[in-house]
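Student: I should like to learn how to read charged pairs and the relation between chains in a structure. Could we go through them in turn?

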Number of protein chains: 2
Amino acid sequence: MLQGHQSWAFTNRPVIQATGTVVGPDEGDGPLANDFDIVHGDLQLEQESWEKAERKLMEEAAELAIKKAGLTKEQIQFYVGGDLMNQIISNTFAARTLTIPYLGIFGACSTSMEGLALAAMMVNSGDADYVMAGTCSHNCTSEKQFRYPTEYGSQKPPTAQYTVTGAGAAVLSRKGDGPIVTGATIGRVIDMGIKDPFNMGAAMAPAAVDTLQAHLRDFDREPGYYDLIVTGDLASVGYEIANELLEKHKIPISQTIYKDCGLMIYDIEKQPVVIAGGSGCGCSASVTYGHIMKQLRNGDLKRVLVIATGALLSPLSFQQGESIPCIAHAVSIEGGVH
Amino acid sequence: MLQGHQSWAFTNRPVIQATGTVVGPDEGDGPLANDFDIVHGDLQLEQESWEKAERKLMEEAAELAIKKAGLTKEQIQFYVGGDLMNQIISNTFAARTLTIPYLGIFGACSTSMEGLALAAMMVNSGDADYVMAGTCSHNCTSEKQFRYPTEYGSQKPPTAQYTVTGAGAAVLSRKGDGPIVTGATIGRVIDMGIKDPFNMGAAMAPAAVDTLQAHLRDFDREPGYYDLIVTGDLASVGYEIANELLEKHKIPISQTIYKDCGLMIYDIEKQPVVIAGGSGCGCSASVTYGHIMKQLRNGDLKRVLVIATGALLSPLSFQQGESIPCIAHAVSIEGGVH
């Protein structure tokens, strides 16, 4: 049901029945290693290209989620997926393997929550009995597509982020128990004129705050309604800017409840390779469907708002002098609502 | 409401309140010229790049649709859009201009009906009062991204299709009168192993037939339920293959009711530049929202099924030896249902 101007309230209990998360070696070295289903020790996954390795991550996460839900892929009516690759090939080829009717989406790193929001809407309104949402990213495929050939190993400024190698999938239905998707807020495109593809956090922070403001307004809530509010992948630079913007807009949010997935998935002190922190569709997806879901299931968290941020960066529009348009979509997930 | 395995039945009258269509010079030379709102005489639209011209087409179509619906952009809650460009930049930048909360989608040329299906679902379920769906393509931007630099003017085989320069947008709500979206069928990814990017029609035809079969099964209908069934952009080669597949699968469909947008938008005899016919997101969008909508409004057509086909072609996966995965989404639109 439409809630306010740009949000949905889901009152028919769309339950996240099961999730699947698969990550790579750097994520396996990070503080959340134990919260993922599979940690691969290498980036290649025995595939002949990084793109095929990324696809494999997605397929594994999807198959795991379906299996953990006690279902077969034939029982899932729709798969809502997308990723960072041109023509979202990781998800398209995964959808070919899965043979589930497929809705391709693109919101850069916000794809995770765009997919979860749409999946929850379908289940909530009775347009699906079972639906799956998924997304993924791979450090090497993103690097070569958006910046420089991966093999260059080019030096980067301290604002740069590190694309997460990982995939996450969630199966939703009205049946069973589990964390419930209670609402979603769809973001507008926000562009503050930032043109530096090595400073995505700064570009995305205003979009995250815009969507949070809209969410609080549409649901008439204070940030304290939530135990945890996480942004997708602002990393250290964007996280600081987001905090400044929250203060500027007088949004009362305590540092203890506001975190960022890009800072949670790695230990930026002990893992200097990640520079400012994590990014990529796989970042918010693996943290949400792995770490956060675990805490919602065991009762450590009751109410969480995930604001997945996306820099809708295009090498072509960047070359043509355009700035980086950004977006953020927020989804509220609550445990223990029966 | 879920209908069968992969379809939605919309019983709450999601009305297409208004549409906007904008095309380029070749489409203005074609047989449907009088059915479009704006025909541009050149491909540049006074913009400094073809990409910016494509964005302009989308913005014009969207603004027209909103204006014709008697609304302001502030009244539209969600914009569902996508296109063929990497990172769907035409729609992302149009969404920046429009400042409407934005859901980016990608289904190649099937994007038109993926967007309409999702928009109708939102209105039908009460998740939106007003929602807009839109898509676009531009001959020169597609040519350079998917094949060769446009300036080459490379020779092409007789199976090649010509990307439509055009955009279409539709505003939906439960209010007012107009053609009603009564159902939709979401397609699976179908890949018959075709690897030739100059023969997209052949690659896509099996996906179109698969989705049509699913639609007829899910709704328990015969093709004769419809006055018109149109595929998106199979063009002459794919249209012939689709007809063969329909015969093989014993789907009784008369030639008088089955047409293809790629063959409707151009006169392939008088316009040899288009070779086998039209393709691109703008093909099914401009034909559906221009020509077909006009006929539904004036009563010449009562029940139409639009099966938008998409070749989820990626230059990268093609270079890595992959075949072309395809998909088709079908939407039924009925006039005079009050």
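Tutor: Certainly. Please keep in mind that this is a predicted model. We begin with the general idea: side chains of opposite charge can pair when their charged atoms come close.

Student: How many salt bridges does the structure hold over all chains?

Tutor: The count over all chains is 26. One of them is formed by the side chains of A:K68 and A:D37, with 3.0 Å from N to O. This pair links distant parts of the chain, 31 residues apart. A:K68 belongs to helix 2 (residues 50-68) of chain A, while A:D37 sits in the loop between helix 1 (25-28) and strand 4 (38-39).

Student: Are A:K68 and A:D37 buried or exposed?

Tutor: Each falls between those terms. A:K68 is partly exposed, at a relative accessible area of 44%, and A:D37 is partly exposed as well, at 36%.

Student: Which salt bridge should I examine in chain B?

Tutor: Consider B:K294 and B:D35, whose side chains meet at 2.9 Å, N to O. Here 259 residues separate the partners: B:K294 lies in helix 9 (residues 281-297) of chain B, and B:D35 in the loop between helix 1 (25-28) and strand 4 (38-39) of that chain. B:K294 is partly exposed, with a relative accessible area of 40%. B:D35 has a relative accessibility of 17% and therefore counts as buried, the limit being under 20%.

Student: What does A:E322 form with B:R96?

Tutor: A:E322 forms a salt bridge with B:R96, and their closest N and O atoms are 3.3 Å apart. The pair joins two chains, because A:E322 lies in the loop between helix 10 (315-319) and strand 15 (326-334) of chain A, whereas B:R96 lies in helix 3 (residues 89-98) of chain B. A:E322 counts as buried, at 11% relative accessibility; B:R96 is partly exposed, at 22%.

Student: Which residues are linked in a network of salt bridges?

Tutor: Such a network links A:R55, A:R96, B:D191 and B:E322.

Student: By what turn can chain B be laid on chain A?

Tutor: A turn of 180°, with a shift of 0.0 Å along the axis, lays chain B on chain A with an RMSD of 0.0 Å. That is the relation of a two-fold axis. The same surface serves both copies, since 100% of the contact residues of chain B recur in chain A.

Student: Which residue of chain B comes closest to the rotation axis?

Tutor: That residue is B:I105, whose C-alpha is at 1.9 Å from the axis.

Conventions. Residues are numbered from 1 along each chain as its sequence is written. Chains are lettered from A and ligands numbered from 1 in the order in which they are written. This is a predicted model: local features need pLDDT of at least 70, side-chain atom pairs count only at pLDDT 80 or more; totals for chains, interfaces and linings use all residues. Side-chain values use heavy atoms; hydrogens and water are left out. A salt bridge is a side-chain nitrogen of Lys or Arg within 4 Å of a carboxyl oxygen of Asp or Glu. Helices (H or I, at least four residues) and strands (E, at least two) are DSSP runs, numbered from the N terminus. Buried means under 20% relative accessible area, exposed over 50%, partly exposed in between (1.4 Å probe, protein chains only). Copies are superposed by least squares on the C-alpha atoms of residues with pLDDT of at least 70 in both. Contact means heavy atoms within 4.5 Å.
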